[in-house]
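Colleague: I would like a close look at one part of this model, the helical packing. Please take it step by step, then place it beside the rest of the chain.

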Amino acid sequence: MISFPFLSSPLTFLRFTLLLGLVPVIATCGTEARSEVETTGPWRAVDGEATPDESRWKEGDSSLRWDFEPGGTLTHARDEALAAALDSRTGGVRMWLYSETPLEGRLEIRAGRYTFPVHLGFTGWRAVWVMFSEDADEGVDKIDGFRITGPAEGGTLWLDLVAFGDVPWFRMGDALTPYTNPRRSIGAGGDTWRTPECWHVWARENVPEPDRAPDAGERAAFEVIAARYEDYLFGRMDDPRQPVRLRAEGLERYIESGHRAFERLGLERRGDRVVAGPGAFATRDDGRTPLPAEVFQPVALPLALDARLNNSDRARQRFLDLIDYAHDQGWAERSMMGTNYLETLRISGWVHGIYILRDFLRQEDRLDREMATLAYHIEMAEIHADPEHPGANADYLRTKLKYRLLHTLLQDDTPEKPRDMRAFVRWADSALDRAPGYAGTIKPDDTVFHHGAPHPASYGSNAIHMAALVYYLLHDTEFALANQTGENLKDALLAVRFMTGKYHTPWGVNCRRPIRGPIMVATSAGIGYLAKARDDRELGRAFARLWNPDYEGYQNFFRAASAGIFWPHAPGSLPLLLDIAERYEPEPDPQGHRAHPYAGMNVHRRDRWVASVIGWGRYHQNYENGRGNKYGHYSTHGVLQIFGRGNPVTPEESGFVEAGFDWRRPPGATVIRTSLETLSQVPIRLYTDDPFLGGVELDRNHGLWAMRFEDPHLHHETGFRFRKSAVFVDGTIVRLGSGIANSDTQHPTETALFQNILTSPEQKEALEAFPLRETVDRRWLLDAAGNGYYVPEGRSIELFHGRQESRHASTGRETGGDAAVAWIDHGTAPENDGYEYAIRPGADADDMETYAAAPDYEVIRRDASAHIVRFPAAGVTAFTLFEETDDLQVGPIRSTDRPCLFMTRADGDRVRVAIADPDLRLSTEQETGTRAHFADPSEEAPLRIQLSPDWRLAAAPDNIREEAPGQLEIICRDGATYTFLLEPAP
């Protein structure tokens, strides 16, 4: 968790509401005679006057008005807070300035030995955040205090919330202080973040001048795109179908809430352009009222919708008041309000409000101003730069992707419009390309990424949903996105749909929340838009299977109308989606197997159930918290989660419920059973040193996953190591573990088979006894969610049925629930333990009795070097080679020169082989908490194998060649599976 020193350091806030004892400082006019008067307050003016003023404030009910003559000064004496700031590496000043009219020139500010300028020329409030050691210059001499020197022309400024103390790392420069944060704000083309001001400066020299007006085809394309978006926003709102009616009711409630929120602001218009109200700040400004989240989000879009749908003059005027207020507060072109870090995540309501009321704002002479502000904050200039790498941040895709399109559509038919549109299309195609390394969003294996990790449960799914909408808006026009972009989106959307039970993603990829809502409800709309745009039957059938207006999740979706980080609730979208769903026959539940090496995860589907397994390693994080997953460290220790119950299938019906869930016994994980308090203290986004984590998919029907683990970190798992695998063939999952060891003599090491939180009396009654706590030696068990577990003889199992106490993953408060749990106890400080068991999802007692008498697999090998499992009836064998080997005695391969995974399947007299080197070969250098070179692609590397003399190569892709008879070289990359065919040697 990142700490922000500014939030916890003692600060002195010079709140001018407290300066009532200040004696005005009066100076004579001119520059010859200077007058200085002592005051009882902290400020002293020379050639000017400093007085408390209740007409302006940023917080409280007054500020300090400074009327200055040319070159006049305003000085604050050195105090404890200023002294500490001057002595601290991260010390500096934060303050707010207000100007009624644009002033020429700049302020010169001295603080101790530091000096820096503040450029003028603005109106309204502006923030200055300057860290002395990084942003300011060191002067020849120093002063004993803090001094502001006015420009060559006299004038008036107001100051408020001047604070000396630590200044945060996320500060951003703007027109006032463009030099701020030089280590991070280095401008376009660098390897750190680019701020809006950097892009603004870059654009002056680099955005090409347009060479012509839009032609007839381009104008027609803009008309089609705008008409589609208008239909998406407000089309067919009189549609009688229930979802449309529910959305209309939700809109009514949303509009009413927006007016109430507006009234709570208590805004006061002062002239044509100025509206005063409570101070509004940047999102990361000390917990004060954030303009995007607490003003724009609850107010802007409801007012715009009321003005448009109900032709409300009151709503139009209130919207005008709102944006004038925001502008006066500092939401303007070339104004950062201190920082716009995360700011664009909460401006959706404002952006859509501007677009919806564009004609009204043009009439009121506000549209150009708001468009300039929008272009600045969404870094519109970036679309004209050469992309640094394929892909884009998921936050960009769920926000700026659409905002940049809307900004282009808002333009008049000038030459800039087609220029910007073509640049936007180029940028969007790159942003939606397959992203290398840890970059977002769509990975080579179809996983969606954010924060360097798989994020299908929020960021990633939001991103591809919005991207599919943009693809739909542009399709079949001169500005259509590339066909490959559509293919990338299709693969990513179908991958998310494959890993969900139906609507819910598993814990291991839920990132900041162990239990997520039905994310595929909203995401399914993206599948629908893409199906419509591409006339794609596969996508259409997938959408029709998910689209169920009677499901509670969809009912909630229909009732929603609000804008959050993005806005998926446009009223006109529902008739469109309803039509798409009616066009297609629903697909059956997906079946098969998928390996996602960038996620360290495999997914297997049969009948109505889905099983997923996930790990962590050299390129894969342990977990992410974000205040919602305090105990999530073990969620990637080989957790195997099965969703198979419910209509639709849900985590809750499948036994995964937060209340009472023991985060130290996730199913399939091998863990040290420490305290929850200890577990909550494990840092997030840790990596191991071992690159062996990944999977293989055979014919997209069967699969193998494996993990080689040794924890190098100095917390409670020091010395912890194991090797584990999971083999998925038809309806059987085989779990193997070996080499389990650690030096912890205080806590047992365990591997959980299952943990079900009981959600109904019937589940409790179906158990053999409740409560129950015993060690059993049985060949098979059933969990409470309808899954069978086969355990070979010789391994005892710990079984518990009873009340289980735990803690809430977000709040840490105590929770409890009835549970059924089974686990293998490896004891304390195990030296070389292991396990074997098989899972048969959807089984009952008769099924398991029959299966235990004749299992469909056999373990050929389970040791530190290899796990080998054979399924005779299916003709499938799975090989996990944790080390390079030259002594394989089974199968068609005799040796490999590096660790790898492969599966074989008999195909008549031939053998099909699917093989993968799971090492992604990404950069692992760490810098300031994140990986350096995060967008460096996976490196290619050869894997050399020697075939058995009984076999020869019959067919292979281009990356596989025969170096010599029976010697194959396979060029591996991205942890991908490669398939080749062998035939009997003559």
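Modeller: Start with Phe424. Leaving aside residues up to four places away in sequence, Phe424 touches Ile383, Leu401, Arg404, Leu405, Val470 and Leu474. This is a predicted model, so read every contact here as a feature of a prediction.

Now the core around that side chain. The largest nonpolar core has 136 residues, and Trp350 and Phe424 touch the most other members. Helix α14, residues 459-474, gives the largest share of this core, with twelve residues. A second, separate core holds 56 residues, among them Trp609, Phe728, Ile740 and Leu772. In soluble globular proteins, nonpolar side chains tend to be buried together.

Next, the helix pair at Phe424. The axes of α12 and α13 come within 9 Å and cross at roughly 165°. An angle over 145 degrees counts as roughly antiparallel. The two helices, α12 and α13, are therefore roughly antiparallel to each other. The crossing of α12 past α13 is left-handed. On the α12 side, the contact uses Tyr396, Leu397, Leu401, Arg404, Leu405, Thr408 and Leu409. On the α13 side, it uses Lys417, Asp420, Met421, Phe424, Trp427, Ala428 and Ala431. Leu401, Arg404 and Leu405 are also among the residues that Phe424 touches.

Helix α13 has another partner. The axes of α5 and α13, the latter spanning residues 416-431, come within 11 Å and cross at roughly 65°. That makes α5 roughly perpendicular to α13. This crossing, too, is left-handed, with α5 passing α13. Glu218, Phe222 and Ile225 come from α5. They meet Lys417, Pro418, Met421 and Arg422 in α13. Lys417 and Met421 also take part in the contact with α12.

Trp350 leads to α9. This helix covers residues 348-356 and is mostly covered, with nine of its nine residues buried. They are Ser348, Gly349, Trp350, Val351, His352, Gly353, Ile354, Tyr355 and Ile356. What do these buried residues pack against? Their partners are α5 (216-234), α7 (291-309), α8 (313-329), α10 (358-363), α11 (367-377) and α12 (394-410). Both α5 and α12 are on that list. Each of them also meets α13, α5 through residues such as Phe222 and α12 through residues such as Leu401.

One loop residue belongs here. Asn393 sits in the loop between α11 and α12. Is Asn393 buried, partly exposed or exposed? It is partly exposed, because its relative accessible area is 34%, and the partly exposed class lies between 20% and 50%. Not counting residues up to four places away in sequence, Asn393 touches Gly440, Thr441 and His450. Its C-alpha atom is separated by 34 Å from that of Arg721, 328 residues apart along the chain.

Further along the chain, look at the strands. Strand β24, residues 748-757, pairs with β29, residues 814-828, in the antiparallel sense over nine bridges. Gln755 stands opposite Val821 in β29. Strand β28, residues 797-807, pairs with β29 over ten bridges, again antiparallel. Glu805 has Gly816 of β29 as its bridge partner. β28 and β29 form a hairpin with six residues between them. In the turn, Gly812 has a positive phi of about 80°.

Then come two open sheets. One has seven strands in the order β31-β32-β33-β35-β36-β43-β40, with antiparallel pairing. Its edge strands, β31 (858-862) and β40 (951-955), each pair on one side only. Neighbouring strands of this sheet are turned by 20° against each other on average, direction ignored. At one edge, β40 pairs with β43, residues 978-984, in the antiparallel sense over four bridges. Ala955 stands opposite Leu981 in β43.

The other open sheet has four strands in the order β34-β39-β42-β41, also with antiparallel pairing. Its edges are β34 (893-896) and β41 (960-964), each pairing on one side only. Here the average turn between neighbouring strands is 30°, direction ignored. Three bridges join β34 to β39, residues 941-947, and these strands run antiparallel. Ile893 stands opposite Leu947 in β39.

Conventions:
Residues are numbered from 1 along each chain as its sequence is written. This is a predicted model: local features need pLDDT of at least 70, side-chain atom pairs count only at pLDDT 80 or more; totals for chains, interfaces and linings use all residues. Side-chain values use heavy atoms; hydrogens and water are left out. Two strands pair if DSSP finds at least two bridges between them. Axes are lines fitted to C-alpha atoms, for helices over the stretch in contact, and angles run from 0 to 180 degrees between N-to-C directions. A nonpolar core is a set of buried Ala, Val, Leu, Ile, Met, Phe, Trp, Tyr and Cys residues joined through side-chain atoms within 4.5 Å. Buried means under 20% relative accessible area, exposed over 50%, partly exposed in between (1.4 Å probe, protein chains only). Contact means heavy atoms within 4.5 Å. Angles under 35 degrees count as roughly parallel, over 145 as roughly antiparallel, 65 to 115 as roughly perpendicular and the rest as oblique. A crossing is left-handed if the near helix is turned anticlockwise from the far one by less than a right angle, and right-handed if clockwise.
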